[in-house]
Amino acid sequence: MNSKPPMREAFVACVVVLATITARAAQPIPAGEKAVTEVQVADRIYELNRRQYIAIHDKHGHFDPKWDEAAEQMLNVICRWRVPSTAPATEGLMPSVEQANAISNKLLASGCDDPLLMAFCGRLMCDAGNLNEGRDVLKKWRARLPETHYPLIAQAFPLQTLRVIALREGPRKADLARQYTNELIPLLIRVMQSDFYGPDDQQLLWRTLSHYFIKGAGYEFYQQLSDAVGRAKGIDPWLSCTLRGNFAIEDAWKARGNGYANTVSPAQWRAFSERIEVAAKLLNDAYNLHRDRPEPATGMITLAMAGHIDEGSARDWFDRAVAAQLDYLPAYTVFSHAIWPRWGGSISQMIAFGLECANTDRFDTEVPYQMFEIYQNVVVELDGSHELAGKLTAMYAPLDHVLAGYQEYDKEDLPRVAWNQSRRAALAWRFGRYDAARKMIEAAGDQLDASAWDLFGGDGATAIGESLARSGDLADATNAALDDAEGRRWAEASAAFSKLAATADLAPPVKDYLTLQARRADLMVRFEHGLVVDIQPNVARDWKTVQGTWWFDPLGGVRAKSTGRGMWMIHELTFGNRFEMTGVFEYKGASKHPGFFVGPFLNPTSGHSILFQADLIEQRVYVSRPSSIEKQSAAAPVREVNTFRLTCYDGAVTYAVNGQRAFSDPELLDPRADPPRIGLGANFNHPTAQICYRDVKIHKLDQPPGQEPPLPKRPEGLVLHYDFSKAPELEAVAPNATGDLYPARIFDPHWVKDGPAQALEFVGGDNYVDTGFCDHLPYWTISAIVRSPQPPGKGTATGPIEKESNFVMHWDHFNADLAGSVQVRNGGQWFVAKFGALKADTWYHLVGAYDGKVVRAYVNGVQTGAAETTGGPADDNQYSLKLARHVVWDAPFKGRLREVRVYDHALSADDVKKLYDEAAAKHLLETDK
């Protein structure tokens, strides 16, 4: 147990030190008017491109009225497209994809015969998804390029595009990708040896090579190219040293590995040091050859950051890089990481550097904006807490200064002005400057962009209302109500917020905010009185998304898919140190994907998450604390649908899955620390998998839980009973008559009047029922009242009741002999009992039963078939019971259903007859006239 959370210590220390931060550094960033900027470098690359393409085409190209205009336009596109710059001043010069494709289509239709232009058209076709035709165009015209007067790099671009396409197509095109690589590397060597490029062009050539050919190419390609450059003669020494030096950095980290320092072996450390020395010599040589170029010095920042060179500190090399070019952003990115606490820096140093960037006032560049990058880095260092970052008040003034500066610089661009006003409003809100936020909100007017609050970890709709409520005439009353909530005087807070929300003539954002706070306070009143409180995520503003894409399904669940490492959401309220949270989690599409972890978590205000994640493959529970990860066996297997219970009582935490304790620690949390926040999520990155949380509830614990009772289990005997003969109030959910567990969730419900009663009709497609029932029944009885427009026959295996190997009731089947049957798998073998001949458009009471020896089929109370098995319980599987659809694939049953029942034992023949008689007495078997 951590008595003093390290992040809290770091935060407190940072607040103390921030009082001493000044806006000046020992060597301020040289931001004078003579400083070289990215725009100047981009202009030089553009002029080089004009020499490479336009000048040569004007001298040697083929001209024809059918394509001359489009050719001139495309040459300008190529020259701008191949400028590797992100400088704001160059954004408007870059043609859009739509513009480039429109010109490409004109050229393709005109019969143009210029290989450079046509090869570029082929690339655009590939980028647009027209892969096969675009690839053919690329292949055809790249073969013609050696016959032209264009420089060699014109041949390299289409070859690179073909190589990337082959790599994306995976192992089946590996040989082709290797062939393209073997052609491309010698060609790039010839490019670097070419006398087309003079001494002043070498920096521009490096930027082109690194951006278009090396970035993202992979270690092996970079290694081959670096080795080839080292062997080649006639390459500019600065270019050679810069390219090989940067590769040596990558090579060093590959030798070391990506693990923590204590996991690196002595041999790995030696290899790392040797390669670092190689990189340092090469980059230092390059720097001394041309101190007016920032690239080598930027690489040296990385080496100084690793602590393996004697030529200067990370700051020394940063100063040298920006002396060469004021806004060389890679230098800012690398140095910003060098001063993180994990590399020996501190949050105070990070903020001081951000202040230095802000004070350059060079709003024609991205340099002042580095203050915002620093803010985001501070948030990351505080484990994603915008709330803690907002308490570092030294950041507010420089951040607002930066936004105000860009607002003035872009004053002729009204949308940008509104965007900066929106960002200034969001910034002021985050730092508690509500009067300033109101001013910016009113200035932006109808152009206010609520998405600006995303940058500061806020919900725009809520934050705008809060800013307006906490400024102006309502400020005192609102702040007093918030003080009540902060002091956990929830009844007083609820009454105050409700009174404020009833005030006449409130702007909608203010009314919504006050109403939300009143509802949250009322929720906490009920929680404090010991009531079970529904906190199912269905109102987005009660929960904050941390990662992933979340959405609400029509059946009351919240679903998510990954957009990176995982999917996390956290509740906006804290429930103290004594509570119990229960719910259901489902997963789909990743049952065989390793590393899929799902479950609730606690997020203590120290910033560290404690994750209780069930591994769906190994059936383990992983508990990740701030400093360790534990793996404990789960007593019950994790299935497609699972219940969970998380109990917290002061420092003691217990986690149960499917009714069985999976983790327990009597001192997991520090009871003296601030209460943890609760969250839901999963930790994985899988393109098709989803998670879903349902029925999430919480209640207060007034005494230690002791030996926790198991989570609710299914009742004995009758397990499931769905009465589809009358439509429920919520037509998409039919309750399970045996209890609250396993409601039938109906997708695309169709309720019809059929004779004297209702029926649930299935019309195909995504129309089916998911019960969420995953338990294994060794012995069972299943029954349903069924009608279909077609008699059982050959077709996709599906039917009214589907749980795969545990039990199934098939209507159709791939094998026509198995259609109209009930089946069980026992000892890995399938056994079938037939219903006999069933007619179309006729209601039947169908029953299947398995007693451990014989599986039997009944129609209208009479046994029609039986099969003796090898004996023993039915096989198990992880799938949830579905009605009117196969459990694995989209195989729909078409027809109608009434009462469906599932028992955990085999009914006798007399009991089956009684079921039929009851259904007949209720007139549930009459055919619709």
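This is a short working chat about a predicted model of a protein.

Q: How many helices and strands are there in the protein?
A: The protein, as predicted, has 27 helices along with 31 strands.

Q: And what share of the residues is buried?
A: Of the 929 residues in the protein, 54% are buried.

Q: What about contacts, how much comes from residues 24 or more positions apart?
A: Among the contacts in the protein with a separation of 6 or more, 66% are between residues that lie 24 or more positions apart.

Q: Switching to helices, at what angle do the axes of H3 and H5 cross?
A: The axis of helix H3, which covers residues 68–81, comes within 9 Å of the axis of helix H5, residues 97–110, and the two cross at roughly 140°. That angle makes H3 oblique to H5, because only angles over 145 degrees count as roughly antiparallel.

Q: Left-handed or right-handed?
A: The crossing in which H3 passes H5 is left-handed.

Q: Which residues make that contact?
A: From H3 the contact takes Ala-70, Ala-71, Gln-73, Met-74, Val-77 and Trp-81, while H5 contributes Val-97, Ala-100, Ile-103, Ser-104, Lys-106 and Leu-107. Sorted by class, the contact of H3 with H5 has nine nonpolar residues, two polar ones and one charged one.

Q: New topic: where is Arg-787, and is Arg-787 buried or exposed?
A: Arg-787 sits in strand E22, which spans residues 780–787. Its relative accessible area is 11%, so Arg-787 is buried, the cut-off being under 20%.

Q: What does its side chain make a polar contact with?
A: The side chain of Arg-787 makes a polar contact, at 2.7 Å, with the side chain of Asp-754.

Terms used
Residues are numbered from 1 along each chain as its sequence is written. This is a predicted model: local features need pLDDT of at least 70, side-chain atom pairs count only at pLDDT 80 or more; totals for chains, interfaces and linings use all residues. Side-chain values use heavy atoms; hydrogens and water are left out. Helices (H or I, at least four residues) and strands (E, at least two) are DSSP runs, numbered from the N terminus. Buried means under 20% relative accessible area, exposed over 50%, partly exposed in between (1.4 Å probe, protein chains only). A polar contact is a pair of N or O atoms within 3.5 Å; within protein, one must be able to donate a hydrogen and the other to accept it, and residues adjacent in sequence count only if both atoms are side-chain atoms. Axes are lines fitted to C-alpha atoms, for helices over the stretch in contact, and angles run from 0 to 180 degrees between N-to-C directions. Angles under 35 degrees count as roughly parallel, over 145 as roughly antiparallel, 65 to 115 as roughly perpendicular and the rest as oblique. A crossing is left-handed if the near helix is turned anticlockwise from the far one by less than a right angle, and right-handed if clockwise. Contact means heavy atoms within 4.5 Å. Ala, Val, Leu, Ile, Met, Phe, Trp, Tyr, Cys and Pro count as nonpolar, Asp, Glu, Lys and Arg as charged, and the others, Gly among them, as polar.
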